[in-house]
Amino acid sequence: METTHLHIRPLRLEDVSPLFRLTSDPAVTRYMRFSTHMAPQEAEALIRSYIAPGCAGFALIERSTGRFAGMIGLKPEGGSGEYSVSILLGPAFWGQGYATQALHAVVGYAQTVLFARALSAHVVRGNEASRRVLSKCGFLPEERRSYADLPDGLYIYRLRLNDEERGFHHV
């Protein structure tokens, strides 16, 4: 897949080193539901989870430089045709619209290749940048969950991809 600034290709095990550079950066993992990675094997396990059958993981490559900018992935949620989406982007690529471009591309992939009924994203309340990206791409906050380690809560954003799924409410 191509966007204005990104080449989006399938994630592969050869991406362990550049992905580990991101997942070992506390600024990148600040809002993630996993701890900052301490060893490349943790990044490898993350890749394996997104290249497993039924999942879809993609490397985000900056077109102008060929640099690894991050990753975006989809995992099935509950066998209902819903997929959760996760995005990791390196700090050098923040604020340039890359996450929005990647998410738009993956929404199209989810509709046309996976025939997904809905996409969801789990976002910590303080992660305003991710919440803006989701809103730009049509996702709406539907639910707020509380966890002991997240005093401000975790918001579940959803994007319904077919007409039967559009009858929902948001918070």
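**Helices and sheet at a glance**

Helix 1 and helix 3 are roughly perpendicular to each other, because angles of 65 to 115 degrees count as such. Their packing angle is about 110 degrees. This is a predicted model. Alongside these helices, the model has an open sheet of seven strands.

**Helix 1 against helix 3**

- Helix 1 spans residues 16-23, and helix 3 spans residues 40-51.
- The axes of helix 1 and helix 3 lie 8 Å apart.
- Helix 1 brings Val16, Leu19, Phe20 and Thr23 to the contact.
- Helix 3 answers with Pro40, Ala43, Glu44, Leu46 and Ile47.
- By class, this contact has seven nonpolar residues, one polar and one charged.

**The sheet**

- Strands of a sheet pair through backbone hydrogen bonds, either parallel or antiparallel.
- Here the strand order is 1-2-3-4-5-7-6, and the pairing is mixed.
- Strand 1 (6-10) and strand 6 (140-147) are the edge strands, and each pairs on one side only.
- From one strand to the next, the twist averages 25 degrees.
- Strand 5 (residues 118-124) pairs with strand 7 (residues 150-160) in the antiparallel sense, over seven bridges.
- Leu119 stands opposite Leu159 in strand 7.

**Helices across the sheet**

- Helix 1 also lies across strand 3 (68-77) and strand 4 (82-89).
- Helix 1 runs at about 90 degrees to strand 3.
- Helix 4 (residues 98-112) lies across strand 1, strand 2 (56-62), strand 3, strand 4, strand 5 and strand 7.
- Helix 4 runs at about 35 degrees to strand 3.

Key. Residues numbered from 1 in each chain as written. Predicted model: local features only at pLDDT ≥ 70, side-chain atom pairs only at ≥ 80, totals over all residues. Heavy atoms only, no water. Axes fitted to C-alpha atoms, helices over the stretch in contact; angles between N-to-C directions. Helix = DSSP H or I, 4+ residues; strand = E, 2+ residues; numbered from the N terminus. Parallel < 35°, antiparallel > 145°, perpendicular 65-115°, else oblique. Contact = heavy atoms within 4.5 Å. Nonpolar A, V, L, I, M, F, W, Y, C, P; charged D, E, K, R; others polar. Pairing = 2+ DSSP bridges.
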